[in-house]
Structures are given as structure tokens and as C-alpha cells.
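The questions below ask what stands behind some of the terms used for this structure. Each answer sets a value against its definition.

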Amino acid sequence: MILPTDNGADLLTINQATGATFAGNVGVAGKTPAYGLNLAQGTGAGNKIAWTDGTPDFAASIYASSSTDKLTFATKNASNVETTALEIDTSQNATFGADVNLGTARVLNFSGTSLQLFHDGSNGLIMALLHF
């Protein structure tokens, strides 16, 4: 099935085997598309990119709040309720909803300082280069 434009170009092609192909940008929830995929800002279901599990219950989402401009990454908690995992604000500050875990033998460097946190799986080390 092909949906053409007024000048005959293919605007949308729907193929049962491969899905849908759009000829240009796509806007969701009334958003005029300026990029490949545009969603209107907001916290409602129509403003999110969301994943569901096989049930299909909520599993995860990404959205940008229209009131705070924060980019939010959410996952479900043990009670299957959407819970904020990470928020990034307009100053690029990140707020994590819980612990931040690093793999074994990884270093956490604090930008603009000489402070490092390191754990090798058995021992922890805090390093700081002092300037006098």
C-alpha cells in the first residue's frame, strides 16, 4: 500500500513483510516534524518513547518534560510502576534515581579535578593529587 503526495511521490509505503517506510520526517502527537522523528514535549503516554514487556506492561520510557525541559529515562520498579532512573537538566546536570554501579576495575574520574575513585573488586582506593 502506498500513500502518495499531491505530486505523485511516495509519502508512506506500508509493506506487510517489512513494515512502514516514511519518505520524510515524522511528527507524533501533533508535532510538526523538523527532524527525523519529532515528539511533543510532555510526560503523557503520547509524548514518550516507550518499551513494553510481553504482557504488555510498561518496561521503560524516555521523554522530555514540557515544564522543566528535563530529559527523563524511566524504568519499572519491582511493583511494575514507572520510576525515574535518570534525569538530565538543561545545564547537563544528571540526577540518578538510585545507586550508580561501575564494573570491576573501573575508575570514576571527577572532571576538572584530580580526584579519582577506584575499586579492583576487592579493595577501594581514593586518589587525589594535591597542589600546593
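Q: What makes β1 and β2 a pair of strands?
A: Two strands pair if DSSP finds at least two bridges between them, and β1 and β2 are joined over three bridges in the antiparallel sense. They therefore meet the definition of a pair. One of the links is between P4 and D10 in β2. Strands themselves are DSSP runs (E, at least two residues), numbered from the N terminus.

Q: What kind of model is this?
A: This is a predicted model, in which local features need pLDDT of at least 70 and side-chain atom pairs count only at pLDDT 80 or more, while totals for chains, interfaces and linings use all residues. Residues are numbered from 1 along each chain as its sequence is written, and side-chain values use heavy atoms, with hydrogens and water left out.

Q: How do you know that β2 and β3 pair?
A: Four bridges join strand β2 (residues 10–15) to strand β3 (residues 19–22) in the antiparallel sense. I14 faces A20 in β3, and a hairpin of three residues connects β2 to β3.

Q: Why do β1 and β3 stand at the edges?
A: The open sheet has the order β1-β2-β3, with antiparallel pairing. β1 (2–4) and β3 each have a single partner strand, so one side of each is left without a neighbour in the sheet. Neighbouring strands here are turned by 10 degrees against each other on average, direction ignored; the axes are lines fitted to C-alpha atoms, and angles between N-to-C directions run from 0 to 180 degrees.

Q: Why is N38 called buried?
A: Buried means under 20% relative accessible area, exposed over 50%, and partly exposed in between (1.4 Å probe, protein chains only). N38 has a value of 8%, so it counts as buried. N38 belongs to strand β5 (residues 37–39).

Q: What makes the approach of N38 to A34 a polar contact?
A: A polar contact is a pair of N or O atoms within 3.5 Å; within protein, one must be able to donate a hydrogen and the other to accept it, and residues adjacent in sequence count only if both atoms are side-chain atoms. The side chain of N38 comes to 2.8 Å from the backbone nitrogen of A34, and a polar atom of that side chain is also 2.8 Å from the backbone nitrogen of Y35.

Q: How do you know that K48 lies over the face of Y63?
A: A charge sits over a ring if NZ of Lys or CZ of Arg is within 6 Å of the ring centre and within 35 degrees of the ring normal. K48 lies over the face of Y63, at 4.7 Å from the ring centre.
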